Amino acid sequence: MCTPKSVGGLNLINLLLWNKTTIAKVCWDLAHKEDKLWIKWINAYYVKQQQLKDMPIPKQASWMVRRIIASRDILQQAQSSNDHIGTIRQLYLQLLGDLPRVSWKNLLFQNSARRKTVFNLWLLLQGRLPTKDRLVNWGLNINQQCVLCQGHVETRDHLFLLCSYAVMLWKQVMRWIQEDQSNNHNWDQHLQWIINKAKGKSSRASIFRMVVTEASYALWMERNTHIFEQIYRSSEVLAREIAYICNVTVVPRARKQMQQILIVE
Ligand SMILES: [Zn+2]
């Protein structure tokens with residue numbers, strides 16, 4: 001969660017790392033901004049003629065001063081030039097390290113679907129939803145059969161793409177927004193197709209992002225209500241509900257286009 005959106009995170013601040021970074025920045029100031037009064041004081045009392053980078057940490061110093069000097073290791077870890085380390089945020093990003101970028105980050109940006117459904121999509125894209133195959137891998141002794149079709153092992157790819165129930169739902173939802181995803185036979189194809197369609201700032205791309213997000217959430221909730229409440233709804237009913245929710249939550253600039261295509265048979 002605490003990584004930039006470009007690498008699949010939610011861009012939340014890792015407070016522990018941020019705290020370490022700010023102390024490291026103070027350590028850098030200690031070595032480079034000798035004109036400040038508090039730095040002059042620390043240099044006069046503790047650093048003296050020694051080099052900050054390899055001097056022993058003074059035992060008689062306060063806890064705060066010892067923490068500042070000890071954070072020289074973090075500066076080295078960041079492999080920054082001692083001449084310039086930039087802002088605290090730049091140092092923080094450096095300490096986070098180089099993480100591989102994800103191709104699906106645009107699906108989560110500017111997505112006007114409900115927040116909980118966007119979060120569900122984020123988990124889905126990373127394969128982190130607790131589908132039955134994952135629960136079995138964690139050691140749970142459960143029936144692995146998909147509850148929506150009773151015919152296959154429940155995996156992410158099955159539940160959200162290959163299941164006969166999911167196939168029907170996608171068909172109905174895509175017919176509504178005049179798209180055709182019938183050529184997607186595996187998860188990678190499905191994902192790439194969605195990424196391409198959701199690209200851009202047009203109203204159509206915006207509607208597409210929202211519909212895919214809401215439909216994925218609806219599938220997951222349908223699976224859950226089937227398991228935990230023994231309630232079953234047909235894919236037609238679910239498709240109508242998705243259409244209704246999208247029509248209510250769509251951003252104003254895309255509402256006109258949404259109403260033009262809102263023909264659910
Ligand atoms: Zn199924």
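The crossing of α12 and α13 is right-handed. The model is a predicted one, and this helix pair is a good way into it. The contact draws Met210, Val211, Glu214, Ala215, Ala218 and Glu222 from α12. From α13 come Leu238, Glu241, Ile242, Ile245 and Cys246. Sorted by class, the contact of α12 with α13 holds eight nonpolar residues, three charged ones and no polar ones. The two axes come within 10 Å and cross at roughly 135°. That angle makes α12 oblique to α13, because it falls outside the ranges for parallel, antiparallel and perpendicular packing.

Helix α10 also packs on α12. Their axes come within 11 Å, and the crossing angle is roughly 150°. An angle over 145 degrees counts as roughly antiparallel, so α10 is roughly antiparallel to α12. The crossing of α10 and α12 is right-handed. On the α10 side, Ala166, Leu169 and Val173 make the contact. They meet Val211, Ala215 and Leu219 of α12. By class, the contact of α10 with α12 has six nonpolar residues, with no polar and no charged ones.

Helix α7 meets α12 as well. Here the axes lie 9 Å apart, at an angle of about 80°. Because 65 to 115 degrees counts as roughly perpendicular, α7 is roughly perpendicular to α12. Thr117, Val118, Asn120, Leu121 and Leu124 of α7 meet Thr213, Glu214, Ser216, Tyr217 and Trp220 of α12. The contact of α7 with α12 divides into five nonpolar residues, four polar and one charged.

Now to the core. The largest nonpolar core has 37 residues. Within it, Ala166, Leu169, Val211, Ala215 and Ile242 touch the most other members. Six helices each supply at least two residues of this core: α6 (105-108), α7 (115-125), α9 (156-162), α10 (164-176), α12 (203-228) and α13 (235-249). Among these, α12 gives the most, with nine residues. Ala215 shows how the pieces join. Leaving aside residues up to four places away in sequence, Ala215 touches Leu169, Val173 and Ile242. Ala215 takes part in the contact of α12 with α13, and also in the contact of α10 with α12.

A second core stands separate, with ten residues. Ala24, Trp28, Leu30 and Leu91 are among them.

Turn next to Ile69, in helix α3 (residues 63-70). Ile69 has 23 C-beta neighbours inside 10 Å, and the cut-off for burial is 20 or more, so Ile69 counts as buried. Beyond residues up to four places away in sequence, Ile69 touches Cys27, Leu52 and Ile57. Val47 is 22 residues from Ile69 along the chain, and their C-alpha atoms are separated by 9.6 Å.

Helix α2 (residues 37-47) gives another picture. Of its eleven residues, the number buried is one, so α2 lies largely in the open. After α2 comes Lys48, with a positive phi near 55°.

Positive phi values deserve a pause. Most residues other than glycine have a negative phi. Gln150 departs from this pattern, with a positive phi of about 60°. Gln150 sits in the loop between α8 (132-137) and α9. Is Gln150 buried or exposed? With 9 other C-beta atoms within 10 Å, Gln150 is exposed, because 12 or fewer is the cut-off.

Gln178 also has a positive phi, near 60°. Gln178 lies in the loop between α10 and α11 (187-197). The count for Gln178 is 9 other C-beta atoms within 10 Å, so Gln178 is exposed.

The last stop is the loop between α12 and α13, where Glu229 is placed. Glu229 is exposed, because it has 8 other C-beta atoms within 10 Å. Tyr45 is 184 residues from Glu229 along the chain. The C-alpha atoms of Glu229 and Tyr45 are separated by 69 Å.

Conventions
Residues numbered from 1 in each chain as written. Predicted model: local features only at pLDDT ≥ 70, side-chain atom pairs only at ≥ 80, totals over all residues. Core = buried A, V, L, I, M, F, W, Y, C linked by C-beta atoms within 7 Å. Helix = DSSP H or I, 4+ residues; strand = E, 2+ residues; numbered from the N terminus. Contact = placed C-beta atoms within 7 Å. Axes fitted to C-alpha atoms, helices over the stretch in contact; angles between N-to-C directions. Parallel < 35°, antiparallel > 145°, perpendicular 65-115°, else oblique. Left-handed = near helix turned anticlockwise from the far one by under 90°. Nonpolar A, V, L, I, M, F, W, Y, C, P; charged D, E, K, R; others polar.
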